[in-house]
Amino acid sequence: MTEFREVFTSIFSCRYPGAAIALPVPRLRFELAHGPERTALQEALRRCVSLLDAVRRRDEAVWVELCFWQEHSCLAQVQALENHGLCPLGASGWEREHYPDPGGEPDDVEHRFSALIPSASRGFDSLFRAIIWGDHGGYENLSVRALIVAPTAQFGFSPYDDRGADLFAAKAESLLPLYREFESWILDFDRSRIEAELGLDHGA
């Protein structure tokens with residue numbers, strides 16, 4: 001479990017995880033916001049929740065990593081998310097780590113908080129709203145990136161903004177049922193790469 005989580009965490013070292021970069025694990029890429037502007041963000045939220053449900057269905061608890069760039073506000077934002085229900089399991093609390101941006105200035109440090117969170121936590125709704133509404137006026141003054149890792153199913157899920165989300169797996173075959181379940185949400189420009197990774201004929 002630790003090794004598996006570290007592989008996914010290494011992906012998070014990229015400041016923009018939605019970028020088209022080479023990754024050490026197979027992934028699906030989904031379009032979130034869809035439809036008229038008035039309803040696109042709500043549709044993105046609905047899709048995020050549906051994808052999370054698919055990821056966490058085999059796990060009673062999932063690892064959540066929250067990432068912030070503003071040190072002066074990160075503790076207050078973690079507390080705000082806890083107030084919305086994103087609370088660590090039992091008395092485990094949040095682990096805190098610092099990661100310098102390898103391509104940035106010396107003072108560019110990412111502050112990460114990780115914890116085991118009950119899969120049924122009501123706090124995921126607020127977490128997804130903070131991510132999806134980030135470029136659209138924000139939500140409750142929250143600015144956060146997040147990675148969710150399901151240890152039993154060995155999935156990783158990372159919505160990067162209202163436009164899209166990545167879903168990772170330890171093995172490509174694990175992604176095939178999710179590809180088929182959510183095929184209409186796959187980003188078209190990445191479809192050929194995904195189908196090749198899954199061993200499908202293009203257009204399958």
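These legends go with several close-up views of one predicted protein model. In this predicted model, local features need pLDDT of at least 70, side-chain atom pairs count only at pLDDT 80 or more, and totals for chains, interfaces and linings use all residues. Residues are numbered from 1 along each chain as its sequence is written, and side-chain values use heavy atoms, with hydrogens and water left out.

**View 1. The whole protein has six helices and seven strands.** Helices (H or I, at least four residues) and strands (E, at least two) are DSSP runs, numbered from the N terminus. Along the sequence they follow the pattern α-β-α-β-α-β-β-α-β-β-β-α-α. Of the 204 residues, 51% count as buried. Buried means under 20% relative accessible area, exposed over 50%, and partly exposed in between (1.4 Å probe, protein chains only). The accessible surface comes to about 10000 Å². Carbon and sulfur atoms hold 50% of that surface. These areas come from the Shrake-Rupley method with a 1.4 Å probe; for residues, only the protein chains shown count as cover. Contact means heavy atoms within 4.5 Å. Among contacts between residues at least 6 apart in sequence, 67% join residues at least 24 apart.

**View 2. Seven strands form an open sheet.** Their order is 1-7-6-5-2-4-3, with antiparallel pairing. Two strands pair if DSSP finds at least two bridges between them. Strand 1 (27–31) and strand 3 (95–100) stand at the edges. Each has a single partner strand, so one side of each is left without a neighbour in the sheet. Neighbouring strands are turned by 20° against each other on average, direction ignored. Axes are lines fitted to C-alpha atoms, for helices over the stretch in contact, and angles run from 0 to 180 degrees between N-to-C directions.

**View 3. Strand 5 (residues 145–150) runs antiparallel to strand 2 (residues 61–68).** Five bridges join these two strands. Cys-67 stands opposite Arg-145. Glu-65 has Leu-147 as its bridge partner. Six of the six residues of strand 5 are buried, so this strand is largely enclosed by the rest of the structure. One side carries Arg-145, Leu-147 and Val-149. The other side carries Ala-146, Ile-148 and Ala-150.

**View 4. A hairpin links strand 5 and strand 6.** The two strands run antiparallel and are joined by three bridges. Ala-150 of strand 5 stands opposite Phe-155 in strand 6. Four residues lie between the strands. In this hairpin, Gln-154 takes a positive phi near 60°.

**View 5. Helix 2 packs on the sheet.** Helix 2 has 20 residues and reaches 29 Å from its first C-alpha to its last. That is close to the 28 Å expected at 1.5 Å a residue. The expected span is 1.5 Å times one less than the number of residues. Helix 2 touches strand 1, strand 2, strand 5, strand 6 (155–161) and strand 7 (164–169). Its direction makes about 165° with that of strand 6. Among its buried residues are Leu-41, Leu-45, Cys-48, Leu-52 and Val-55. Glu-43, Arg-47 and Arg-56 are also buried.

**View 6. Helix 4 (residues 123–132) lies across four strands: strand 2, strand 4 (109–118), strand 5 and strand 6.** Helix 4 runs at about 45° to strand 6.

**View 7. The largest nonpolar core holds 55 residues.** A nonpolar core is a set of buried Ala, Val, Leu, Ile, Met, Phe, Trp, Tyr and Cys residues joined through side-chain atoms within 4.5 Å. Leu-28, Leu-66, Phe-124, Phe-157 and Leu-167 touch the most other members. Helix 2 (residues 37–56) gives the most to this core, with nine residues. Apart from this core lies another, of five residues, among them Val-25, Trp-63, Leu-147 and Val-149. Phe-124 has its own set of contacts, not counting residues up to four places away in sequence. Those contacts include Leu-52, Val-62, Leu-86, Ile-117 and Ile-148.

**View 8. Arg-193 lies in helix 6 (residues 191–197).** Arg-193 counts as partly exposed, at 26% relative accessibility. Arg-193 touches Arg-27 and Arg-29, not counting residues up to four places away in sequence. The C-alpha atoms of Arg-193 and Arg-27 are separated by 9.7 Å. Along the chain, these two residues are 166 residues apart.

**View 9. Ala-76 lies in helix 3 (residues 71–83).** Ala-76 is exposed, with a relative accessible area of 53%. Its C-alpha atom and that of Leu-142 are separated by 9.3 Å.
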